[in-house]
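Subject: The structure we talked about

Hi there,

Here is the structure I promised to send over. Have a look at it first, and then read on for my notes on the helices, the cavities and the sheets.

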Amino acid sequence: MSGAAPDVTVIVIGYNDAERLRRAVQSCRDQTLRTIEIIVCDDHSTDDTPQVARQLAAQDARIRCHRLPRNSGGCSAPRNAGLERARAPYVMFLDSDDVLPARACEILLDALRADDEADFAMGATERVRTDTGSRTLWHPHLFGHRRTVRGVREEPGVLFDHLSTNKMYRKAFIDRHTLRFPVGLHYEDQLFSAQAYCLARAFTVVPDPVYRWHIAPYEAAGARSLSNQRHRIENVRDRIAVARRVDAFLRDSGHEDIAVDKDFKFLKHDLRMYLGDLPYRPTEWIEEFGAEITPYLATLAPQAFQRLPRDQRVVVQLVRDGRYEEARLAARGLGRQVGPREVTWGSDGRVHWGPVRPAGPDAARELDLTDLGLRTRPFRTALLRHEITRVAPGTGSRVVLDVRTYDPGLQLPVGPVAATVCLAPGKKRLRTSFRLGPVRPGLFEGTVTLDLAAVPLPQHGFAGRRHPVLVLNEHGRHHTGILLAPLDFPPFEKELLRRRGPGGHLVTVEPEGHGSGRLQITFRRTGLLARTEPHLTRLRALAHRTP
């Protein structure tokens, strides 16, 4: 860069990411704020990253490169190295697999210059799925309107945004408090951000997206981000370790009064991700997970658990009680309004999860479902559970499903129940009706055959995933629920040829590979229809593009 001092330093870190580093740095070069410096900190890569960094520096005088003498194994050391070399009064961080929207630096710098008390400014983060191109905002409720928060106690809910990368900091603030990322600790953003929130006199929140975070849910094992390595018990230990460091900081800095808010964030965000994975983990893994997490949960404030949705409180307690198979069952209903298979009705009128009464007052409190009104809630919101016990390929384009419905609140009649499976790839839907017959009070079973050739597809065909739902009709009342598939049934394919026109579809029937594990039906265009795919993909990309 020429002799003029930069206004903002953007610290770009990377390791063995030569291909995506160009894109990240280019997003910095394209900033509407031109007076920036870009420091590329290479964590001792073994691929072409160092050469790419040097090539980029040769093209733009605003770019400087630094290579760490040895690989640190994390984000902390390269970011800290960048901080030591930053010349501007304001700094930002960017990971090599992500990008900055064109006005990010300008927006955040303007926010900081508008309020001398604000030690940093933060904006919305846009999450982009690399497989579909779809975009969502990270904790959008935090960024609904512009405001300056005068200390974290005024709004402790911001702890949910623990990213360091969607923020611009005054360098003087970072240096005054010797803020650095903890070397040798994963999830380093969580500690750094907690410290920044607590030490700042004030911080400004802007609603504009200032960071674009690329999410690759199906990337190769060796390239996975930490968020995609939750299957490793070491990953659980790392999260607990950084949470304990945050706890110690809050205690030592006199911020114990917001510890409940931090505990709630840990339960609702960090722990929740692992709980959602339980249906896909073997019992041995869940046992090890329970052994790691249960001692830490015992240190958290009881008030934090009470803020959780009831379905998550149930899963947490089942894990703490060592009821791992039930925890796996309960986890399939997280956030989905899915009931348990069984409940226990006490003589005192209380209702608890599962076939046995809970042992001890804590378990009794956390597994208590009485307030859900299983018997009295409106039928459309009844807590039923629809499980597919068998998925089989039928003749031709047909798929056979054996369905079992659990009704713990006994809201369904004793006789047969009219049911319909609905599948809607487009505006129209396939409706296939059948009967669920009573096996015993609270349990119904039936078999339905879907003809995929009868699915009303758009004229240009359809490519994507759909999840059939089950609709129950009872005396003019309707209830719609998800269909939980067996998680271990082998996927199979059906080929559909169009009755009119060329081309067709290849349809895969499989269990959903994450979340509740719904039945999933994936459509792919074939033949001449497949040739329209690139054009439609471009149109979707244009529709998703933000100004």
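Let me start with a pair of helices: α7 and α8 are roughly antiparallel to each other, because their axes cross at roughly 175° and an angle over 145° counts as roughly antiparallel. Those axes come within 11 Å. Please keep in mind throughout that this is a predicted model.

On the α7 side, the contact is made by N235, V236, R239, A243, V246, D247 and L250. From α8 come A259, K262, D263, F266, D270, M273 and Y274. Sorted by class, the contact of α7 with α8 has 8 nonpolar, 1 polar and 5 charged residues.

A second pair of helices is arranged another way. Helix α9 (residues 283–297) packs against helix α12 (residues 324–331) at an angle of about 95°, and their axes are 10 Å apart. That angle makes α9 roughly perpendicular to α12, since 65 to 115 degrees is the range for that word. Here T283, I286, E287 and G290 in α9 meet Y324, E325 and R328 in α12. The residues of this contact divide into 2 nonpolar, 2 polar and 3 charged.

Now to the empty space. Rolling a probe the size of a water molecule over the atoms shows where such space is left. How many cavities of 30 Å³ or more does a search of the whole structure find? There are 2.

The largest cavity has a volume of about 120 Å³. Its lining consists of L159, H162, Q190, S193, A194, Y197, A243, V246, K262, K265, F266 and D270. The elements that give two or more residues to this lining are α6 (188–199), α7 (233–252) and α8 (259–277). By class, the lining of the largest cavity has 6 nonpolar, 3 polar and 3 charged residues. You will recognise some names from the first helix pair: A243 and V246 of α7, and K262, F266 and D270 of α8, belong to the contact of those helices and also line the largest cavity.

The second largest cavity holds about 30 Å³ of space. Which residues line the second largest cavity? They are L271, L275, F289, I293, L297, V316 and V319. At least two residues of this lining come from each of α8, α9 and α11 (310–320), and α9 gives the most, with 3 residues. The lining of the second largest cavity divides into 7 nonpolar, no polar and no charged residues.

Next, the sheets. Strands of a sheet pair through backbone hydrogen bonds, either parallel or antiparallel.

One open sheet is formed by 7 strands in the order β12-β13-β16-β15-β14-β18-β19, and the pairing is antiparallel. Its edge strands are β12 (385–393) and β19 (477–482), each of which pairs on one side only. From one strand to the next, the twist averages 25°.

If you would like to trace the β12 edge of this sheet, β12 pairs with strand β13 (residues 398–406) in the antiparallel sense over 8 bridges. One place to begin is H386, which stands opposite T405 in β13. The two strands form a hairpin with 4 residues between them, and G396 in the turn has a positive phi of about 60°.

At the β19 edge, strand β18 (residues 469–474) and β19 pair in the antiparallel sense over 6 bridges. V469 stands opposite I482 in β19, and the bridge partner of N473 in β19 is H478. β18 and β19 also form a hairpin, with 2 residues between them. In that turn, H475 has a positive phi of about 55°.

Another open sheet has 4 strands in the order β17-β22-β21-β20, and there too the pairing is antiparallel. The edge strands are β17 (464–466) and β20 (492–497), each pairing on one side only. Direction ignored, neighbouring strands of this sheet are turned by 25° against each other on average. β17 is joined to strand β22 (residues 519–526) by 3 bridges, and the two run antiparallel. Within that pair, R466 has I521 in β22 as its bridge partner.

Happy browsing, and best wishes!

Methods
Residues numbered from 1 in each chain as written. Predicted model: local features only at pLDDT ≥ 70, side-chain atom pairs only at ≥ 80, totals over all residues. Heavy atoms only, no water. Axes fitted to C-alpha atoms, helices over the stretch in contact; angles between N-to-C directions. Parallel < 35°, antiparallel > 145°, perpendicular 65-115°, else oblique. Contact = heavy atoms within 4.5 Å. Nonpolar A, V, L, I, M, F, W, Y, C, P; charged D, E, K, R; others polar. 1 Å grid on protein atoms, 1.4 Å probe; cavity = no way out; pocket = protein on both sides within 12 Å on 5 of 7 lines; lining within 4 Å. Points joined across faces, edges and corners; volume = space filled by probe spheres on them. Pairing = 2+ DSSP bridges.
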